Amino acid sequence: MIPFDFDYFNPETVQEAYHLYHSLTEAGREPVYFSGGTEIITLGRIHQLYTDAVIDLKGIPECRTAQLDDEHLYLGAALPLTAVEEARLFPLLMKNVKEIADHTAREKVTLGGNICGNIFYREAVLPFLLSDSSFVIAGKDGLKVQSIHDVFEEHIQLAPGEFLVQTITEKNFLTAPHVNIKRKRQWDTGYPVVTVAAAIVGRRLRIGISGLCPFPFRSYEVEAALNEPALSPEQKAELAISHMPAPILNDSEASAEYRLFVLKNTLTDILVAFEGMGRR
Amino acid sequence: MEIIGKSVIRREALDKVRGRAVYTSDDTSSSVLHAKIVTSTFAHANIIAVDVEKASAVPGVLAVITGEQLPLTGEEIRDRRPLAADKVRYYGEAVALLVADNPHTAAKAAALVHVEYEPLPVVHSPTDAIRKDAPLIHENVDEYEREEGADPITFTNINNYTKIRKGNIEAGWRESEVTVEASVSIPPSDHAAMETRAATAEIMENGEIHITSSSQAPFMIKRLLSTYFDIDVGKIIVNTPFVGGGYGGKASVQQEILAYLAAKAVDGRKVKLEYSREQDLTTAPCHVGLDATIKLGSTKEGCLKAAEIVYLFDSGAYSDKAVHLSRAGAVDCTGPYDIEHIWCDSYSVYTNHPYPAPYRGFAHSEVLFAFERAMNMLAEKLEIDPLEFRLKNAILPGHTTPTQVVLNRSTVGDLPECLRRLKKMIHWDGGKPTRINERTVRVKGISCAWKNSTIPPDSISGAILTFNEDGSINLISGVVEIGTATKTVLAQILAEKLQMDVGNIHVKMTVDTQTTPEHWKTVASRGTLMAGRAVLAAADDAIVQLKNAAACVLRVSKDDLVVANSRVFVREEPERGLDFKEIAYGYQYPNGNAVGGQIIGRGTYIQRNMTHLDKETGAGRPGPEWAVSAQCIEIELDQRDFTYKVVRAVCVLDAGRVLNEKAAWGQVTGAMSMGLAFAGRETFVFDEKGRMMNPQLRTYRPMHYKENPRYLVDFVETPHLEAPYGARGVGEQGLLGVPAALANALSVAAGTALNRLPLTPETIWRAKAKEEASNR
């Protein structure tokens with residue numbers, strides 16, 4: 001049961017959505033953008049989220065794009081994760097989103113919803129961080145394209161009323177050697193103890209991590225450690241661990257120490273796998 | 001006609017898969033008022049003040065109830081107010097109850113109740129609770145009113161103490177050449193049934209109280225409400241529609257009391273109380289935890305001689321069923337082995353955890369986890385094959401149980417046969433690790449299990465058969481259909497007995513305590529034995545009536561008549577007879593004269609020759625039979641990461657007689673799956689203040705369908721002569737040995753004793769790290 005009443009709006013254009021947000025805010029309302037709705041339902045029912053107006057972005061064509069041209073891949077923020085899987089355009093992202101929630105939920109959870117959500121794992125952002133993708137943001141001057149690194153720092157950094165419309169990823173990255181490993185508390189379901197996405201770009205290893213801290217991140221210090229040429233995979237992993245941001249999560253999924261143990265092994269495995277690939 | 005053993009599809013199957021089956025909270029009539037509970041945010045605290053002013057002022061709020069004036073409740077010890085007053089003793093405990101005209105208002109107002117607390121030191125485990133300096137959770141447990149049989153210890157956190165003294169433990173140790181000691185720990189967890197708990201209550205003008213509840217124990221609700229609130233028992237009428245999974249959790253009475261109080265506060269109007277998933281996990285009774293120490297002794301040849309055992313059951317904040325759980329744990333305190341000298345102290349101990357309900361197996365899977373771990377540790381020390389070790393000591397007819405019952409083939413079945421079949425099925429390799437690759441090993445772990453059901457000696461079950469004019473039969477039994485298909489099996493028992501088409505038996509699925517004969521509780525794998533016997537008795541009664549009527553009409557002795565195929569006929573001339581439909585509503589002669597009347601069969605069953613336990617030695621006959629089994633869990637462990645996969649789960653169970661093959665298979669594999677989830681992942685996680693950190697299915701995760709391994713099940717059939725067609729219980733048995741078998745496999749694979757649940761990779765990593773630290 002959602003313990004509050006709210007109005008539902010279904011705009012058909014980016015402008016309409018943006019203006020709705022502002023006119024509702026000016027009228028003293030507390031609007032939120034809505035795509036899959038899973039967080040609004042699950043956090044709403046336990047009083048961790050409140051709204052009196054939801055603006056559904058799914059009716060906006062730009063938010064539903066899945067298109068590859070000669071140079072770039074464009075993915076709409078309102079694509080359900082299952083649609084991202086089925087489009088088969090971005091292999092690392094496909095593997096990454098397949099590990100989020102379960103199939104039934106992924107029919108609802110959207111790409112933008114996962115990246116911009118309150119639930120802090122936001123795993124779907126990792127492939128975009130690794131590929132230095134751009135985000136198309138709707139704002140007061142219409143659409144603008146910004147580097148992900150300027151608009152995503154632990155969470156999406158948007159002005160009130162702005163929203164994520166699309167992601168733009170360079171085509172070259174799509175074929176980069178990559179891996180996505182999600183390690184859970186036990187077996188196949190649940191939140192990550194850690195999720196690590198990795199890719200080789202220009203002979204350098206890029207790494208993005210979710211589940212270790214209460215935010216996903218890509219760290220250049222960590223990557224520098226992992227690309228340290230003189231060290232063995234174990235030593236690189238060890239060095240990388242010393243550069244992790246704080247705080248390390250300590251919760252019902254895993255203790256902080258265990259998370260670091262799992263991360264170190266996962267990083268070592270990735271390094272070994274890519275090393276083997278380099279030799280070939 | 002062979003109906004027994006056939007996989008008859010359960011009667012309610014289509015309604016369930018098509019969403020037509022009705023459950024308690026499906027009552028959405030607009031006249032129903034809605035109740036909501038306010039729960040404690042502390043695990044242990046004094047209540048300084050409860051401010052309900054703001055909540056009461058919300059338009060649409062009809063009543064706000066707090067605890068001070070309420071009577072003490074509890075099944076064996078009355079130690080719990082339905083709403084906490086003075087003190088809260090667990091996180092999630094109900095503190096106030098609101099009634100409003102719609103659920104939104106109730107929820108909104110509940111958020112406005114302000115409770116001021118003064119935190120108290122928190123007791124986190126039964127081991128901590130028995131320390132000399134432990135805070136007392138109840139100041140003096142001895143002062144509470146209690147039933148005979150509950151045995152608390154004054155000025156301690158112990159609310160029940162059961163002793164088992166068999167043989168002479170000193171002699172046992174003298175005869176033992178090799179010994180081991182195992183300490184195990186199981187934190188509390190939950191049943192996590194699909195349907196969260198709900199109840200409605202209404203008090204009629206004539207004083208009748210109508211309760212509908214998602215309960216396994218409608219007759220117990222009636223009895224307990226009568227006792228707690230001094231109401232004539234006949235005035236309380238309890239209905240149970242379908243129940244969406246019980247697993248024991250719905251055998252405790254909690255939300256019904258609150259629903260009754262809510263109705264009472266609004267002049268008897270009908271009120272519904274529905275727990276959210278969070279409340280179902282935190283507020284409602286949970287799955288018991290256990291701390292245990294087992295010392296085992298044997299000869300060098302592996303002949304068990306002595307078992308010295310201490311069980312500390314985690315009673316949580318209140319005693320309720322924990323008293324009984326700790327007693328059941330004492331009754332079958334060992335595994336199913338012939339041990340001459342047994343000494344066991346079993347305690348139920350207050351902590352600041354939720355208090356337990358029964359849980360599938362009623363203390364047995366927990367006790368067996370401890371005991372079967374010790375068995376493997378001893379086998380290792382003796383350098384004996386753990387399966388051969390179990391076979392050598394397996395309990396047999398002629399042996400005695402811990403409570404000194406002398407067994408026979410009917411009461412104990414055939415454990416050696418279970419073990420022999422298991423050995424063959426799993427291609428037993430001695431439990432040695434097989435290397436799969438550099439990091440991964442595959443290991444088979446085994447465990448034996450047994451279970452008797454220590455339900456009260458005078459537990460009853462009744463059945464009524466009413467005939468329809470077409471000769472078909474309505475079967476009415478007090479068993480609640482909680483998803484086990486028991487009611488379909490009862491129809492099979494009846495069809496077999498009357499040698500008729502099971503399709504002509506109509507089963508009443510709901511229970512209404514005013515018109516349905518009592519079945520004590522739908523728990524303890526006792527549905528088929530007790531209700532089955534009642535159905536057989538009712539069938540005998542109907543047969544007498546049918547034969548009497550037919551004898552009169554056919555002018556033959558009733559001794560010459562036979563009943564089969566919905567007919568009564570002369571044994572020698574089958575064509576001379578009457579169809580049921582000709583006599584079901586009396587017989588009418590051609591001239592219009594009529595005799596007889598509707599055929600109504602009735603039957604009852606009461607447990608035979610059960611006894612209370614002797615206070616000093618525990619000697620006594622606590623239940624009718626032991627179902628025995630042997631189980632194997634095969635795993636592959638990554639020795640670096642300590643992640644593992646369960647490859648297959650195997651159970652060979654002496655089922656006495658399989659009554660419905662697929663239903664039995666479903667029960668056994670379902671139980672194994674639950675055992676794997678309980679052992680491998682499910683547990684409550686509490687923080688240092690005793691607050692539950694995972695009160696949602698996001699974070700408290702039962703097994704996902706795709707996580708299940710391959711299941712193999714085989715049934716040995718050694719009849720329990722007292723039971724319908726020899727059947728033993730099958731509802732719980734598949735779970736019992738699973739946690740121990742999993743731990744036994746993982747302990748070998750990880751190379752360290754794993755004696756704590758849940759067996760997550762992190763638990764194994766910790767155990768390994770601890771061992772390495774101590775080796776340094």
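## A helix, two chains and their domains

In helix α7 of chain B, the residues B:Q255, B:E256, B:I257, B:L258, B:A259, B:Y260, B:L261, B:A262 and B:A263 are buried. Buried means that 20 or more other C-beta atoms lie within 10 Å of a residue's own; exposed means 12 or fewer, partly exposed is in between, and C-beta atoms are placed from the backbone. Helices (H or I, at least four residues) and strands (E, at least two) are DSSP runs, numbered from the N terminus.

This is a predicted model: local features need pLDDT of at least 70, side-chain atom pairs count only at pLDDT 80 or more, and totals for chains, interfaces and linings use all residues. Residues are numbered from 1 along each chain as its sequence is written, while chains are lettered from A and ligands numbered from 1 in the order in which they are written.

Back to α7(B). This helix spans residues 255-265 and is mostly covered, with nine of its 11 residues buried. Just after α7(B), B:D267 has a positive phi of about 65 degrees.

Which residues touch the most other members of the largest nonpolar core? They are B:L98, B:A262 and B:L746, in a core of 320 residues. Helix α15 (residues 527-554) of chain B gives the most to this core, with 12 residues. Such a core is a set of buried Ala, Val, Leu, Ile, Met, Phe, Trp, Tyr and Cys residues joined through C-beta atoms within 7 Å. In soluble globular proteins, nonpolar side chains tend to be buried together.

Take B:L746. Setting aside residues up to four places away in sequence, B:L746 touches B:I635, B:L637, B:Y644, B:L754, B:L759 and B:I764. Two residues are in contact if their C-beta atoms, placed from the backbone, lie within 7 Å.

Now the domains. Their bounds come from an automatic or database domain assignment.

| Chain | Domain 1 | Domain 2 | Domain 3 |
|---|---|---|---|
| Chain A | residues 7-56 | residues 61-173 | residues 176-279 |
| Chain B | residues 31-120 + 191-282 | residues 288-455 + 610-775 | residues 460-606 |

In chain B, the C-alpha centres of domain 2 and domain 3 are 40 Å apart. Each of these two domains gives 17 residues to their contact. The domain 2 side has 11 nonpolar, five polar and one charged residues. Here Ala, Val, Leu, Ile, Met, Phe, Trp, Tyr, Cys and Pro count as nonpolar, Asp, Glu, Lys and Arg as charged, and the others, Gly among them, as polar.

In chain A, 19 Å separate the C-alpha centres of domain 1 and domain 2. Their contact joins 14 residues of domain 1 to 19 residues of domain 2. On the domain 1 side, α1(A) gives the most, with six residues.

A:R45 sits in the loop between α2 (38-44) and β3 (53-56) of chain A. Is A:R45 exposed or partly exposed? A:R45 is partly exposed, because 17 other C-beta atoms lie within 10 Å. Leaving aside neighbours within four places in sequence, A:R45 contacts A:M1, A:I2 and A:P3. A:R45 and A:P3 are 42 residues apart along the chain, yet their C-alpha atoms are separated by 6.0 Å.

Finally, the two chains meet. Their contact takes 16 residues from chain A and 21 residues from chain B. The chain A side has six nonpolar, seven polar and three charged residues.
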